[in-house]
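This briefing covers aromatic contacts and surface charge in one structure. Please keep the sequence and the 3D view at hand while reading.

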Amino acid sequence: DTEGLLRIKEENQKHYRRAQRHQEKKEKIQRHNRKLGDLVEKKTYDLKTQYEHLANLRRAHILELTSVIFPIEEVKTSMRDPADVSSESDNAMTSSTVSKLAEARRTTYLSGRWVCDDHNGDTSISITGPWITLPNNGDYSAYYNWVEEKKTTQGPDMEHNNPAYTISAALCYATQLVNTLSLILDVNLPKKLCNRQFCGENLSRHRFTRAVKKLNANILHLCFSQHVNLDLLHPLHTLRNLMYLVSPDTENLGR
């Protein structure tokens, strides 16, 4: 029994020495982990700082791009409300008639159905200059109506102020701006759309509406990536959504 007790004591001493070595290893590993944690925290802070710096650079480049090359502004058409004009000509007009005229002015016939236009149609959005604008309500039917009319009409087109030209130019500039913004922001666009899609040959109604839907989808995707307020966006307002995206008031622009 004494010999067995001595053997057990020797084994316990070995286990105790081994436990001490393990404790030293444990403390060493803990010190190493704390050192790595401090390093990771420092690297994370540096990365966050670099992201903020990169976002500021992107924001500066975008604001410079949209102020020098692609300025987007809201243009007033200074149209008078027909309710106001009618009330001036007829003092006996009832309030119900005035309200009905105001409601009619806020309604637009778009793609075979009546839609409500919150901006009352008294403004349009311009790009690269006040002479290149898009309808505020997203109704680009003047383009493919002109294309269909041109197919049936012989002879050169003498209407230099045709709205189809401004619609085509504005959509072409908007496509180029969107593709450039995707490169600056490093955001992959969901739809592939080349810059010359809306210029050159006259597009049919199907091809034109399909290209416009692609452009609107890309613009909305960029707006979502930059956390633009969803209450400001409308799926048909091409240039207005772009204006909200590149506005200096967009806090997360460049993220």
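In this predicted model, ring pairs join Tyr 143, Tyr 144, Trp 146, Tyr 165, Phe 198 and Phe 208 into a cluster. Searching the whole structure gives 6 aromatic pairs. Two of these pairs, both involving Phe 208, are described below, followed by a positive surface patch.

**Stacked pair: Tyr 143 and Phe 208**
- The rings of Tyr 143 and Phe 208 are stacked, at 4.4 Å centre to centre with 15° between the planes.
- Tyr 143 belongs to helix H4 (residues 141-152) and Phe 208 to helix H6 (residues 205-225), so this pair ties together parts that are 65 residues apart in sequence.
- Both Tyr 143 and Phe 208 are buried.

**Edge-to-face pair: Phe 198 and Phe 208**
- Phe 208 also pairs with Phe 198, here edge-to-face, with 6.0 Å centre to centre and 80° between the planes.
- Phe 198 sits in the loop between helix H5 (163-185) and H6, whereas Phe 208 is in helix H6; the two residues are 10 residues apart.
- Phe 198 counts as buried because its relative accessibility is 1%, where the cut-off for buried is under 20%.
- Phe 208, at 2% relative accessibility, counts as buried too.

**Positive surface patch**
- Lys 14, Arg 17, Arg 18, Arg 21 and Lys 25 form a positive patch on the surface.
- One of these residues, Lys 25, lies in helix H1 (residues 2-68).
- Lys 25 is exposed because its relative accessible area is 55%, and exposed means over 50%.

Definitions and conventions. Residues numbered from 1 in each chain as written. Predicted model: local features only at pLDDT ≥ 70, side-chain atom pairs only at ≥ 80, totals over all residues. Heavy atoms only, no water. Patch = residues over 30% accessible without salt bridge, like charges linked within 9 Å, V, L, I, M, F, W, Y side chains within 5 Å. Areas by Shrake-Rupley, 256 points an atom, 1.4 Å probe, with all protein chains shown as cover. Salt bridge = Lys/Arg side-chain N within 4 Å of Asp/Glu carboxyl O. Lys, Arg positive; Asp, Glu negative; His and termini not counted. Charge placed at Lys NZ, Arg CZ, Asp CG, Glu CD. Helix = DSSP H or I, 4+ residues; strand = E, 2+ residues; numbered from the N terminus. Buried < 20%, exposed > 50% of the residue type's maximum accessible area, 1.4 Å probe, protein only. Phe/Tyr/Trp six-rings, centres within 6.5 Å; stacked < 30°, edge-to-face > 60°.
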